[in-house]
Amino acid sequence: MTKISPWCDVDKSAIDTIDTWAKETQPKTSRAEIARELGYTYQALRKKFNHENAPLTLGEFEHLCHFFNKNSAAEWMRILQAVAVKNGDLNEAKLLDEMLNDHQVKNAIVNLAITYLHPSSVLDDIPSEAVKAEAKAARKDAPK
């Protein structure tokens with residue numbers, strides 16, 4: 001009997017994105033460090049990187065976004081866009097690209113991120129200078 005993997009393209013793209021982030025850090029972030037951050041053994045995390053056992057949960061993805069100083073909403077949209085391109089769904093990929101480049105959508109993403117972090121989060125909690133500027137503008141325009 002053939003065992004069917006619970007991993008879909010989005011799951012694989014998410015863990016592959018984490019792997020890319022780890023390699024981009026200086027010095028590189030080891031898988032052992034990522035395992036400790038999530039409370040996994042190295043072996044359990046290695047299986048995730050090999051697309052075995054259960055995929056990352058959204059909560060784990062969010063946690064690692066924070067760990068790597070990434071905007072989780074924007075990163076998730078990039079993952080969805082990459083999967084759409086991979087699957088040949090160019091209309092969906094184009095729509096996601098337009099959403100990522102639309103100022104109002106970016107403001108909504110920043111507002112969600114600020115709300116998720118904590119309503120009293122300081123702008124220093126958000127690493128990107130561009131995101132900080134958008135967050136500042138969003139807070140200025142937010143209803144009181």
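## Phe-49 and the helical core

Phe-49 touches Ile-15, Ile-18, Asp-19, Arg-31 and Ile-34, leaving out residues up to four places away in sequence. Contact here means heavy atoms within 4.5 Å. Phe-49 sits in helix α3. Its relative accessible area is 7%, so Phe-49 is buried. Buried means under 20% relative accessible area, exposed means over 50%, and partly exposed lies in between (1.4 Å probe, protein chains only). The C-alpha atoms of Phe-49 and Lys-12 are separated by 8.3 Å, with their positions 37 residues apart along the chain.

**Basis and confidence**

This is a predicted model, in which local features need pLDDT of at least 70, side-chain atom pairs count only at pLDDT 80 or more, and totals for chains, interfaces and linings use all residues. Residues are numbered from 1 along each chain as its sequence is written, and side-chain values use heavy atoms, with hydrogens and water left out. pLDDT is the predictor's confidence in each residue, from 0 to 100. The chain averages a pLDDT of 78, and 60% of the residues score at least 70. Among the elements of the chain, helix α2 (residues 31-38) has the highest mean pLDDT, 95. Helix α8 (residues 129-141) has the lowest, 60. Over residues 121-126 pLDDT stays under 50. For that stretch the model has 14 contacts beyond four places in sequence.

**Overall build**

The chain has eight helices and zero strands. Helices (H or I, at least four residues) and strands (E, at least two) are DSSP runs, numbered from the N terminus. Along the sequence the pattern reads α-α-α-α-α-α-α-α. Buried residues make up 35% of the 144 residues. Of the contacts with a separation of 6 or more, 53% join residues 24 or more positions apart. The chain exposes about 9,300 Å², and carbon and sulfur atoms supply 55% of that area. Accessible areas come from the Shrake-Rupley method with a 1.4 Å probe; for residues, only the protein chains shown count as cover.

**The core**

The largest nonpolar core holds 19 residues. Such a core is a set of buried Ala, Val, Leu, Ile, Met, Phe, Trp, Tyr and Cys residues joined through side-chain atoms within 4.5 Å. Ile-18, Ile-34 and Phe-61 touch the most other members. Helices α1 (9-24), α2, α3 (42-49), α4 (58-67) and α5 (72-86) each supply at least two residues of this core. The largest share, six residues, comes from α1. Ile-18 is in contact with Ile-34, Phe-49, Leu-56, Phe-61, Leu-64 and Phe-68, leaving aside its neighbours within four places in sequence.

**Charged side chains**

The chain has four salt bridges. A salt bridge is a side-chain nitrogen of Lys or Arg within 4 Å of a carboxyl oxygen of Asp or Glu. The table lists three of them, with N to O distances.

| Positive residue | Negative residue | Closest N to O distance |
|---|---|---|
| Lys-86 | Asp-9 | 3.2 Å |
| Lys-23 | Asp-19 | 3.2 Å |
| Arg-31 | Asp-19 | 3.4 Å |

Arg-31 in helix α2 and Asp-19 in helix α1 link distant parts of the chain, twelve residues apart. Lys-23 and Asp-19 both lie in helix α1. They are four residues apart, about one turn of the helix. Asp-19, Lys-23 and Arg-31 are thus linked in a network of salt bridges. Asp-19 has a relative accessible area of 15%, so Asp-19 is buried. Arg-31 is partly exposed, with 26% relative accessible area. Phe-49 touches both Asp-19 and Arg-31.

The salt bridge of Lys-86 and Asp-9 also links distant parts of the chain: Lys-86 is in helix α5 and Asp-9 in helix α1, 77 residues apart. Lys-86 counts as exposed at 59% relative accessibility. Asp-9 is partly exposed, at 25% relative accessible area.

Asp-11 has its place in helix α1. Asp-11 is buried yet has no salt bridge. The nearest side chain of opposite charge, Lys-12, is 8.5 Å away. Lys and Arg count as positive and Asp and Glu as negative; His and the chain ends are not counted. Not counting residues up to four places away in sequence, Asp-11 touches Pro-6 and Pro-55.
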